[in-house]
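These are my notebook entries on a single chain. I set down each item as I looked it up, beginning with strand pairing.

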Amino acid sequence: MKKTIILSSLAALTLTACGTPAEETVVAEKLGDYSAIGAEPGWAVDIKDEKIAFTSQNGKDFTLPIDRTKKTDTGWELRGFSGTDNINVYITSGEECSDRMSDRTYADTVKVEASDSGTLNGCGGSFTEGPDGPA
């Protein structure tokens, strides 16, 4: 009698599971190649091939593999580190930014926290407007 009850329960669970739709496959978004710049002090970040290259007038230059990429509600967060250097890049997508040096407006606002350079603010992404008008 006990075997019949157990088998009946398993059959009911199996039939229930068959009617459940499969979960959708999650496709991870990728940032792709990306560049950002800032002034006073001058700095640049280039993201390409799963690496972050950082250059600065006031600090040492370095290239690190991307340790973490996270898509957020407002843009992207990236992190890279090694035994001697680290960098966090925060991209606010769609928040236009002027670099104040070239009279260009960029699509995104960027904040960088880099070893030996502190917190730096700047612009990134594509140009939305240049010195001669809209891009």
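**Entry 1. Strands S4, S5 and S6.** I began with Ile-66, which stands opposite Gly-80 in S5. The model I am reading is a predicted one. S4 and S5, the latter covering residues 75–81, pair in the antiparallel sense, and I recorded 5 bridges for them. The two strands form a hairpin, with 3 residues between them.

I then followed S5 onward to S6, which spans residues 86–92. These two strands run antiparallel and are joined by 7 bridges. Two of the partners I noted are Phe-81 with Asn-86 in S6 and Trp-76 with Ile-91 in S6. S5 and S6 also form a hairpin, here with 4 residues between the strands.

**Entry 2. From S6 to S8.** Which strand pairs with S6 over 6 bridges? I found it to be S8, residues 105–114, and the sense of the pairing is antiparallel. Within this pairing I noted Val-89, whose bridge partner in S8 is Val-112. S6 therefore meets the pairing criterion of at least two bridges with S5, through 7 bridges, and with S8, through 6. For reading side chains along these strands, I keep in mind that in a regular strand they alternate between the two faces of the sheet.

**Entry 3. The chain as a whole.** I next looked up the overall make-up. The chain has 1 helix and 10 strands. Read along the sequence, its pattern is α-β-β-β-β-β-β-β-β-β-β, so the helix precedes the strands. The chain is 135 residues long, and 31% of them count as buried.

**Entry 4. The largest pocket.** I returned to Ile-66 by way of the largest pocket, which holds about 190 Å³ of space. Its lining comprises 13 residues, and those closest to the pocket centre are Lys-30, Leu-31, Gly-32, Glu-50 and Ile-66. Strand S2 (43–48) and strand S4 (62–71) are the elements that each give two or more residues to this lining. How many residues of each class line the largest pocket? I counted 5 nonpolar, 2 polar and 6 charged residues.

Glu-50 deserved a second look. This residue lies in the loop between S2 and strand S3 (51–56). Its phi is near 60 degrees, a positive value in a residue other than glycine. Glu-50 is partly exposed because its relative accessible area of 48% falls between the 20% and 50% limits.

**Entry 5. The loop between S1 and S2.** I looked up another glutamate with a positive phi. Glu-40 has a phi of about 55 degrees although it is not a glycine, and its place is in the loop between S1 and S2. Is Glu-40 buried or exposed? I recorded 69% relative accessibility for Glu-40, so this residue counts as exposed, the limit being over 50%.

The peptide bond that joins Glu-40 to Pro-41 is cis, with omega about 0 degrees. Pro-41 is likewise found in the loop between strand S1 (34–38) and S2.

**Entry 6. Aromatic rings.** I found 2 aromatic pairs in the structure. One of them is formed by Phe-54 and Phe-62, 5.3 Å centre to centre with 35 degrees between the planes. This pair is classed as tilted because the angle of 35 degrees lies between the limits of 30 and 60 degrees. Both partners are away from solvent by the accessibility criterion: Phe-54 is buried at a relative accessible area of 1%, and Phe-62 is buried at 7%, since buried means under 20%.

I also checked for a charge over a ring. The charged end of Lys-111 sits over the ring of Tyr-90, 5.2 Å from the ring centre.

**Entry 7. Phe-127.** My last item was Phe-127, which is found in strand S9, residues 118–130. What is the relative accessible area of Phe-127? The value is 40%, so Phe-127 is partly exposed. I then looked up its separation from Glu-96, which is 31 residues away along the chain. The C-alpha atoms of the two residues are separated by 9.3 Å.

Conventions. Residues numbered from 1 in each chain as written. Predicted model: local features only at pLDDT ≥ 70, side-chain atom pairs only at ≥ 80, totals over all residues. Heavy atoms only, no water. Phe/Tyr/Trp six-rings, centres within 6.5 Å; stacked < 30°, edge-to-face > 60°. Buried < 20%, exposed > 50% of the residue type's maximum accessible area, 1.4 Å probe, protein only. Lys NZ or Arg CZ within 6 Å of the ring centre and 35° of its normal. 1 Å grid on protein atoms, 1.4 Å probe; cavity = no way out; pocket = protein on both sides within 12 Å on 5 of 7 lines; lining within 4 Å. Points joined across faces, edges and corners; volume = space filled by probe spheres on them. Nonpolar A, V, L, I, M, F, W, Y, C, P; charged D, E, K, R; others polar.
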